[in-house]
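Student: I should like a close look at a single part of this model, namely how its helices pack against one another. Please take me through the contacts in one connected account.

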Amino acid sequence: MASDAPELFGIPLKYISLVILTIQNSTLVLVMRYSRIVSTEQYYTSTAVLLSELTKFVVCLYLSSKESIQENGGRLSIAKVYTDIMGGDSWKMLIPAALYTIQNNLQFVAVSLLDAATFQVSYQLKILTTALCSVVLLGTMLNAKRWVSLVVLTVGIVLVQLPSTNGTATSESTSPLTGLMVVFVACVLSGLAGVYFEKVLKGSRKSIWTRNVQLSLFSMVPALFGVIVVDGAGVRQNGFLYGYTGWTFFAIACQALGGLIVAVVVKYADNILKGFATSISIILSCLASVWFFDFHITLPFMAGTAMVIYATY
C-alpha cells in the first residue's frame, strides 16, 4: 500500500525538510558570524532583519496563494487571499511578530559577540525557555525525564561558557559575557513567541502558510521601526545597504529559509526528528568553526556540547 505521507522524488518530505533544516542550522550561524567580521564596515542588523522578513513574506504569500488556487478549483481570488490574511483573528499574530523581530535582531548582535560554535550551543537555551513558557502559559505537564533533560541542558551550556586560555576565535570582536546575556534574552523571546504561535496554530483552521504570511507581514512593522529608530541616522548618512557583502545577503537568505523550513517541519515531522537534526547541526557547526575560525575546542566545551546534544535529542 502506498504511503499517504507527501513525497518529493520518492523521498518522504519530512526527511527532506529535516536534512535541509540540519544544513540550514549549521550554515546560518557560520554565515552570520562571518558576515559580521568579513568587512571593517559592519552592516546595520536592523536592515538585514527587515529584508529577511520581506523575503519570507513574498515566499509565504506565494505558497498561501497557491493553496487558495487549489481550494478554488484553479482560480485565484484576490479578495479571498486578502480576507484570509487580514480578516478574522489575524491580530493575534501581532504579539509573536514583535517578539520574533526583536529576537532576530538579537541573533545578529549575539553572533557578533560570540564565536560561532559557542553561539550555536548556547542558543539551545531556547529549549529550556520554551519548555518553561509551555508550563506557565499552556499548562503543559513535563515528566521527570524532560525535567532531567532540561537540567542537563542548562549545565551543558554553563560548561560551554567557561573561560579558556586557548580560545582565539576573533578575539577582537568577541565579548562572551555580553554575548551570553544577549543570547539569554533572545531565547526568552523565542520561547514566548514559539509557545504563543503554537497556541494560535492549534486553535485555528487557517493554513500554516497563511499564518506565516501574517507573521512576516506584521514583523515588517517593528522591523521597519528598528531601522528608523535604532539605525536611522546611520542609514540616512551611509545608505540602507551600507556594509553589505555577498555574505550579508547569504545570511539574510539563510535566516529567511530557516523560518520556512521550521514551518514545514512543524507540519510534516515530529519533535524527535527535529531534535536529531539540531544535534547534528551543533556538531557540524563546531567542526566548521575549528576549520574556518581557528576555534579551539576545550575539554569543558566538549563536555558541555555533549550534554546539550544529549538533552536536545
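Tutor: In helix 2, residues T45, S46, A48, V49, E53 and K56 meet T101, N104, N105 and F108 of helix 4; contact here means heavy atoms within 4.5 Å, and helices are DSSP runs (H or I, at least four residues) numbered from the N terminus. The residues of this contact comprise three nonpolar, five polar and two charged. In this division, Ala, Val, Leu, Ile, Met, Phe, Trp, Tyr, Cys and Pro count as nonpolar, Asp, Glu, Lys and Arg as charged, and the others, Gly among them, as polar.

The model is a predicted one: local features need pLDDT of at least 70, side-chain atom pairs count only at pLDDT 80 or more, and totals for chains, interfaces and linings use all residues. Residues are numbered from 1 along each chain as its sequence is written, and side-chain values use heavy atoms, with hydrogens and water left out.

Helix 2 spans residues 45-71 and helix 4 residues 94-113; they pack at an angle of about 130 degrees, with their axes 9 Å apart. Axes are lines fitted to C-alpha atoms, for helices over the stretch in contact, and angles run from 0 to 180 degrees between N-to-C directions. Helix 2 and helix 4 are therefore oblique to each other; angles under 35 degrees count as roughly parallel, over 145 as roughly antiparallel, 65 to 115 as roughly perpendicular and the rest as oblique. Their crossing is right-handed, the near helix being turned clockwise from the far one by less than a right angle, whereas anticlockwise is left-handed.

Helix 4 also packs on helix 8 (residues 176-202), where the axes come within 8 Å and cross at roughly 155 degrees. These two helices are therefore roughly antiparallel, and their crossing is left-handed. The residues of that contact divide into 19 nonpolar, five polar and no charged.

F108, one of the helix 4 residues that meet helix 2, also belongs to a cluster in which ring pairs link Y43, F108, Y244 and F249. Rings of Phe, Tyr and Trp (its six-membered ring) pair if their centres lie within 6.5 Å. A search of the whole structure finds seven aromatic pairs. Within the cluster, Y43 has R36 over its ring face, at 4.6 Å from the ring centre; a charge sits over a ring if NZ of Lys or CZ of Arg is within 6 Å of the ring centre and within 35 degrees of the ring normal.

Technical notes:
Rings of Phe, Tyr and Trp (its six-membered ring) pair if their centres lie within 6.5 Å; planes under 30 degrees apart count as stacked, over 60 as edge-to-face and the rest as tilted.
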